[in-house]
Amino acid sequence: MNTLTDNVAAEVVLPSAGITGLLINGEWRTPAKGKTLDVENPSRRTKLATIGASDADDVNAAVAAASAAFPKWRRLASRARGALLTELGNRVTANAEEIARVLAAESGNALRTQSRPEVLGAAEVLRYYGGVIAEQKGETLPLGPGIFSYSTREPLGVVGAIIPWNSPVVLAAVKIGMALGTGNTLVLKPAEDAPLAVIKIAELAADLFPAGVFNVVTGTGLEAGAPLSAHPSVAKVSFTGSLEVGKLVGHAVADRIARSTLELGGKSPCIVYPDAATPEHIDATVTGIINAMRFARQGQSCTAGSRLYVHKSVWEPVMAKVVAKVQEMKIGDALDEANDIGAIINAERYSEVRAFIDEAINKGATVLTGALPPKVEDAKGFFPAPVIFSGVDNSWRVTREEVFGPVLVAIPWTDEEEVLNWANDTVYGLAAYVFTNDLTTALRATERIDAGWLQVNRAGGQIPGMSYGGAKQSGIGAEYSIEGALEAYTSRKSVTINV
Ligand code: NAD
């Protein structure tokens, strides 16, 4: 079903012919109604491939396959399930370059800075769960003489996982690792804009797990995602995506008292204290600010530190260096090794980002770097240069809403109490960044900021094993760690025996 365009065929090895995106009961199927959707390369604005577009009938078939596979899969020893995850991780490593090139082509995430590290990270995630999943332990409880009580961690059943396009490979790996490792079976729905790298991983997994244990349904949110979230036989939905859709998924799951993990958006603060801008520390702080903003991912990261608060006393040197360094970043085709920054995912997101920039400029924001990008019809690829605004405050839309683009607002502060209040003045609470070399200050700030993940003098990505999840409207539940996986993907069964 795949069709290649000539200009990318040479550089990108797409999923094999006949691979539709629907992996159901161990077979690649065409959608029941034969519908398809096109996947585009946002750097080149060309069609990359055509894949199957599932609807409720296909979701039903996948859930039925996963339900049928569950009883046997749950009884397999957890270390045997883990061994299969480790093998999948090894297969991903062995095919990493091919997967990374597909990912760069479809997502617009630059190959060198983003797509390659993401695929290698995904392999690490799979191997992490492969090893640690044997720790699926329960507890024993001393309830008194003659009573022996213990608990076990039971898988829930069929898990529906829905993922976004911005880091699809690592998110697929997290959901596969946690759901399958704990003994659940899985129906995974990739994002319609970037399903191909996930399909490549499914190709590597297809002969590994017993039929029906791991299923994939490609398609749109409305036609495939919504029926999966609402399916009565899906015991748990693990959703990563926007707040808006997260609310719909939360409702659908609540209606049948099933479980959900929601990993949603963010508008994360980044606070720079004066002692982080001494001559000795300023360069590391500036690098941290730029990494926190995820400029090299076009700002399309849920954890982007998109509200920068710099102490007024160090505003000049810090902002001068941030602007100079951002201007050195190379933007262009995600498949070109030379580029640091790739393309925004699609025309709709590009226009939304452009509208944020336009509105802030018209309202009188100062543009420290960047400019209004060309309109969609005039853009060769979706490449807005990073934009940094000053002269704005916490009330502006660009400061309050998730732009999900390379747009940073920078605001000077003088009073610590005030800046910590600004940091918390948001419905979101996903991540936060603090730059200071004083431990007491760092602890004071991290204690006060309401966020699921705080980084001090660091702005990297998640590391397998850490707990990761949002506070406030950034989500419910934490994934990535074994504790998170056990909480999110198993239920406790207590057994009390009168001996
Ligand atoms: P999105 O919510 O539009 O889509 C996410 C997924 O949900 C896609 O697979 C989509 O097809 C599906 N979907 C859409 N409508 C649906 C519906 N009605 N029912 C069920 N599924 C539906 O998000 P996006 O634009 O793909 O991704 C960007 C968003 O994801 C941002 O808000 C970002 O912050 C968030 N995100 C959060 C995390 C995190 O860990 N918290 C990680 C990555 C991205």
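# Two domains and a buried strand

Reader: How many Å separate the centres of domain 1 and domain 2?
Author: This is a predicted model, and an automatic or database assignment sets the bounds of its domains. Take the C-alpha atoms of domain 1 and of domain 2, find the two centres, and the separation comes to 31 Å.

Reader: OK, and which residues belong to domain 2?
Author: The protein is divided into two domains. Domain 1 comes in two pieces of the chain, 22–264 and 473–498. Domain 2 is a single stretch, 269–462.

Reader: How many residues does domain 2 bring to the contact with domain 1?
Author: Contact here means heavy atoms within 4.5 Å. On the domain 1 side, 26 residues take part. From domain 2 the number is 32.

Reader: What area do the two domains bury between them?
Author: The size of an interface is often given as the accessible area lost when the parts come together. For domain 1 and domain 2, 50% of that area is on carbon and sulfur atoms. The total is about 2500 Å².

Reader: Which three residues supply more of the area that domain 1 buries than any other three?
Author: Look for the trio that adds up to 23% of what domain 1 buries against domain 2. No other three residues supply as much. They are Arg 45, Arg 112 and Trp 165.

Reader: How far apart are the closest N and O atoms of Arg 116 and Glu 337?
Author: A salt bridge needs a side-chain nitrogen of Lys or Arg within 4 Å of a carboxyl oxygen of Asp or Glu. Arg 116 and Glu 337 form one, and their closest N and O atoms sit at a distance of 2.5 Å.

Reader: Is Glu 263 buried or exposed?
Author: UniProt, in an unreviewed entry, places the feature "active site" at Glu 263. Glu 263 is in strand 11, which covers residues 259–263. Buried means under 20% relative accessible area. Glu 263 has 6%, so this residue is buried.

Reader: Thr 261 is in strand 11 too; what is its relative accessibility?
Author: Leaving aside neighbours within four places in sequence, Thr 261 is in contact with residues including Phe 239, Ile 476 and Glu 479. Glu 263 touches Phe 239 and Glu 479 as well, among others. Thr 261 counts as buried because its relative accessibility is just 1%.

Reader: How many disulfides are there?
Author: A disulfide takes a pair of cysteine sulfur atoms within 2.5 Å. For Cys 270, the nearest cysteine sulfur belongs to Cys 302 and is 16 Å away, so Cys 270 is in no disulfide. Over the model the count is zero.

Note on methods: Residues numbered from 1 in each chain as written. Predicted model: local features only at pLDDT ≥ 70, side-chain atom pairs only at ≥ 80, totals over all residues. Heavy atoms only, no water. UniProt positions renumbered as here; feature names shortened; annotations may be inferred. Helix = DSSP H or I, 4+ residues; strand = E, 2+ residues; numbered from the N terminus. Buried < 20%, exposed > 50% of the residue type's maximum accessible area, 1.4 Å probe, protein only. Buried area = accessible area lost by both parts, 1.4 Å probe.
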